[in-house]
Amino acid sequence: MFQKSRHIYPFFFLLALLIGGCTAESNTSEEETEEEMTQRALEIHDRVLTVDTHADTPLRMIQPGFDMAERHDPNETGSKVDYPRMKEGGLDAIFFAAFVAQDIRDDDGNTRAKALCLQMIDSIVASTSKNSDIVGLALNPDDAYALEKDGKRAIYIGIENGYPIGNDISNVELYFEKGVRYITLVHSSNNDLADSATDSDGPEHGGISEFGADVVKEMNRLGIMVDVSHGNDSVFYDAIALSKAPIIASHSNARAVTEHDRNMTDEMLKLMAENGGVVQLTMLATYLRDAPPNPARDSAVAELRANMKPASEMTDEERTALRQAFRELSEKYPDPPATVKHVVDHIDHIVKVAGIDHVGIGCDFDGGGGIQGVFDASEVMNITIELVRRGYTEEQIQKIWGGNIIRVFKDVQAVAEKLQSEGLS
Ligand SMILES: [Zn+2]
């Protein structure tokens, strides 16, 4: 439910300035002014269900004193999502991912990962019950529509990185019972389930491991969506072959537009369409546009990273200092910004290759996502404005913003019901 607020218009004018020559590109009506087009886009944004399939906000929710019902200044705090800003941006539903960074793969590591994952899930559930006047915990596809009707934000739960499953398959059902509806099999490094697209040691299992295959099977049985974002290409092909239900990429872009191992090739996009799955576009600059080589910046970033503690071990002061250091670094060695135009270039490409039924949006706020024009949850309507500018219809926008992911979610549940009834007979 989109609330017209005064600060939208400065964004729109800024965006118009950034993009330039917009009205000439409009293929909806020669007479429509920029302001009329924006107004039409905002009305569409208000009417359609908007779902963001990936935010790492639970990392913040477990910090003492962080209140999701309060509006946070993103420049001061670095926070990209809270309930007031979801409302401002007209963002109806979100998947909060319980993200556990890959660490040692032994019993102690697995135990710690599980404890942290459960702590994050509990914090999501606690936040939704504490704020039940403005949000609701969503467990099924139609819950998003029901909550939207009530004027509340729908909060879904996912897990980013299968590491907290450890080597105990029963954990998959435990997480399902807690409300988890997708699991990203792997993150930045290989784990016991699958190979990562970005592990510096290269692949270990040749895609999904034997245990990972059991996990996919269990996810199919329960009705948890299989998320291949962060997996290497073999993980994608294995997931397509193994999963009895359509799969998702909760936050990935198109490799033909921006060359990056985290992005998906055209062949993968076509297979995703055949599979009936969906690719959710993400707002990370490095996956959205090519930047010219910037070795001075790279070495400065590497130096900063080398001296960095894990985020979960930092004090508030250390976090603020780190943000400041990154800000200064970016001012000293600027990279060209990623913009909403880049986002919609990726959407255009995926629509061309896979079709309108296989693309969606997963911003990755609080996990590195946030670009010029879609800096935090309060600005997501700018994606709709750019879609309308390029001639997308309301029906198409409704699919991109929520219809497609909800369809996949329903298909995944239908497969689970079938598998469970077969299991009983
Ligand atoms: Zn991620």
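This report covers the zinc site, a pocket between two domains, and several buried residues of a predicted model.

**Zinc site**

Three residues coordinate the zinc ion: Glu160 through OE, His230 through NE2 and His251 through NE2. The distances run from 2.0 to 2.1 Å. Along the sequence, the donors follow the spacing E-x69-H-x20-H. Glu160 and His251 thereby link distant parts of the chain, 91 residues apart. Glu160 belongs to strand β4, residues 153-160. His251 sits in the loop between β7 (248-249) and α12 (266-275). Glu160 and His251 are both buried.

**The second largest pocket**

Where does the second largest pocket lie with respect to domain 1 and domain 2? It lies between them, because both domains give residues to its lining. Domain 1 spans 8-291 + 338-424, and domain 2 spans 294-335. The pocket has a volume of about 240 Å³. Its lining holds 13 residues. Nearest the centre are Arg60, Gln63, Phe66, Thr77 and Asp316. Helix α15, residues 316-332, supplies the largest share of the lining, with four residues. By class, the lining has six charged, five polar and two nonpolar residues.

**Buried residues**

Residues count as buried when their relative accessible area is under 20%. Three examples follow.

| Residue | Relative accessible area | Status |
|---|---|---|
| Cys117 | 0% | buried |
| Cys363 | 0% | buried |
| Met68 | 3% | buried |

Cys117 is buried because its relative accessibility of 0% is under the 20% cut-off. Cys363, also at 0%, is buried for that reason too. How many disulfides does a search of the whole structure find? The search finds zero.

Met68 is found in a loop, between α4 (58-61) and α5 (74-77). With a relative accessible area of 3%, Met68 falls under the 20% limit and is therefore buried. Asp227 lies 159 residues from Met68 along the chain. The C-alpha atoms of Met68 and Asp227 are separated by 26 Å.

**Helix α17**

Is helix α17, residues 381-389, mostly covered or mostly open? Helix α17 is mostly covered, with nine of its nine residues buried. The buried set includes charged residues, Glu386 and Arg389. Also buried in α17 are Met381, Asn382, Ile383, Thr384, Ile385, Leu387 and Val388. After α17 comes Gly391, with a positive phi near 95°.

Terms used:
Residues numbered from 1 in each chain as written. Predicted model: local features only at pLDDT ≥ 70, side-chain atom pairs only at ≥ 80, totals over all residues. Heavy atoms only, no water. Donors = N, O, S within 2.8 Å, 3.2 Å for Na, K, Ca; no water. Helix = DSSP H or I, 4+ residues; strand = E, 2+ residues; numbered from the N terminus. Buried < 20%, exposed > 50% of the residue type's maximum accessible area, 1.4 Å probe, protein only. Disulfide = S-S within 2.5 Å. 1 Å grid on protein atoms, 1.4 Å probe; cavity = no way out; pocket = protein on both sides within 12 Å on 5 of 7 lines; lining within 4 Å. Points joined across faces, edges and corners; volume = space filled by probe spheres on them. Domains from an automatic or database assignment.
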